[in-house]
Amino acid sequence: RPGAGAWLPATDDIEGLCEAAQSCRGCELWREATQTVFGDGSAPAELMLVGEQPGDREDLAGEPFVGPAGHVLHDALEAAGIRPDSVYTTNAVKHFRFEQRGKRRIHQSPQVAHIRACHPWLEAEVGAVDPRTIVCLGATAARAVLGRTVRIGQERGRMQEAEGRRVMVTAHPSAILRVRDERERASAFDALVADLRAAVA
Ligand code: URA
Ligand code: SF4
């Protein structure tokens, strides 16, 4: 069966996992991407943030949330009074999925098969980080963590439980960047901040 399971190391510490993930071939996404972008941050941590997949910038840098969405996320964490270095940040899928159009690499959302293939890494990270609360940023993260289709608009901000852990879903920071109207964008940002605050309360 395809998937990252065959690449999982015997060690369960975060450094060992990160190193092993660099050579993962659990699905086809490694072929076009630059590198595996594993999670980053404190382990153990009270709060674990899960995004969708690395974007263009993250693919080049090898670190999650260093591009425009990452700036929004860091601003929101700061506004919520959460030190970014106190959290562990990762993605549901560890390789960038994109479509090449000329010189530009256009983001493509991962498919359910990619989320499933990559899930062993996420599960291992949850084990190593042992967070009190997992915040899912957007529908892909929510699917990866909760194992079902989630409508963010319906479930956001509500504390749930999955496998004995507190789980909250909220908007993806990229969704905030896409809001055209400035005031609507500001209120979408405030809603993310409020969710993050509630997650650590
Ligand atoms: N969007 C994500 O979901 N994750 C990243 O790491 C960057 C952008
Ligand atoms: Fe492995 Fe995940 Fe990358 Fe697929 S996306 S090759 S499962 S690390």
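**Questions about a predicted model**

Reader: What makes strand E1 (residues 40–41) a partner of E3?

Author: Two bridges join E1 to E3, and the strands run antiparallel. Pairing requires at least two bridges, so E1 and E3 qualify. One bridge partnership links Gly 41 with Tyr 88 in E3. Note that this is a predicted model.

Reader: What makes E2 (residues 47–51) a partner of E3?

Author: Again, the bridges. E2 and E3 share four, in the parallel sense. At least two are needed, so they pair. Met 48 has Tyr 88 of E3 as its bridge partner. Gly 51 has Asn 91 of E3.

Reader: How do you know that E2 has a neighbour in strand E6 (residues 133–137)?

Author: Four bridges join E2 to E6, and these strands run parallel. The requirement is at least two, so this is a pair. Leu 47 stands opposite Thr 133 in E6.

Reader: What holds paired strands together in general?

Author: Strands of a sheet pair through backbone hydrogen bonds, either parallel or antiparallel.

Reader: Why is the pairing in the open sheet called parallel, antiparallel or mixed?

Author: It is called mixed. The six strands come in the order E1-E3-E2-E6-E8-E7. E1 and E3 run antiparallel, whereas E2 and E3 pair in the parallel sense.

Reader: Why are E1 and strand E7 (160–162) said to stand at the edges?

Author: Each has a single partner strand, so one side of each is left without a neighbour in the sheet. For E7, strand E8 (residues 165–170) pairs with it in the antiparallel sense over three bridges. Glu 161 stands opposite Arg 166 in E8.

Reader: What makes E2 mostly covered?

Author: Five of its five residues are buried. Buried means 20 or more other C-beta atoms within 10 Å. Leu 47, Leu 49 and Gly 51 point one way from E2. Met 48 and Val 50 point the other way. Both sets are buried.

Reader: Which way do the residues of strand E3 (residues 88–91) point, and are they buried or exposed?

Author: Tyr 88 and Thr 90 point one way, Thr 89 and Asn 91 the other. All are buried.

Reader: Why is Gln 154 called buried or exposed?

Author: Gln 154 has 8 other C-beta atoms within 10 Å. The limit for exposed is 12 or fewer, so Gln 154 is exposed. Gln 154 lies in helix H6 (residues 152–155). From Gln 154 to Arg 180 is 26 residues along the chain, and their C-alpha atoms are separated by 22 Å.

Reader: What label does His 71 get, and why?

Author: His 71 has 13 other C-beta atoms within 10 Å. Exposed stops at 12 and buried starts at 20, so His 71 is partly exposed. His 71 belongs to helix H3 (residues 68–79). Pro 120 is 49 residues away in sequence and 28 Å away in space, C-alpha to C-alpha.

Reader: How do you know that the radius of gyration agrees with a compact globule?

Author: With 201 residues, a compact globule would have a radius near 17 Å. The protein chain has 16 Å, which agrees. The C-alpha trace spans about 45 × 45 × 30 Å along its principal axes. Of the 201 residues, 44% count as buried.

Reader: What is the make-up of the protein chain in helices and strands?

Author: The chain has eight helices and eight strands. Among contacts between residues at least 6 apart in sequence, 69% join residues at least 24 apart.

Reader: Which residues come nearest to ligand 1?

Author: Gly 51, Glu 52, Gly 55, Pro 64 and Ala 69, out of 13 residues around ligand 1. To count, a residue needs its C-beta atom within 6 Å of the ligand. By class, that shell has four nonpolar, seven polar and two charged residues. Gly counts as polar, so Gly 51 and Gly 55 are among the polar ones.

Reader: What makes up the shell around ligand 2?

Author: Ten nonpolar, four polar and two charged residues. In total 16 residues surround ligand 2, and the closest are Cys 24, Gly 26, Cys 27, His 95 and Cys 118. Helix H4 (residues 112–129) gives the most, with four residues.

Reader: What does the UniProt annotation cover?

Author: Residues 38–197, under "domain: Uracil-DNA glycosylase-like", according to an unreviewed UniProt entry. Over residues 38–197 the chain is 43% helix and 21% strand. The end C-alpha atoms are 25 Å apart.

Technical notes:
Residues numbered from 1 in each chain as written. Chains lettered and ligands numbered in written order. Predicted model: local features only at pLDDT ≥ 70, side-chain atom pairs only at ≥ 80, totals over all residues. Rg over C-alpha atoms; globule rule 2.2 N^0.38 Å. Contact = placed C-beta atoms within 7 Å. UniProt positions renumbered as here; feature names shortened; annotations may be inferred.
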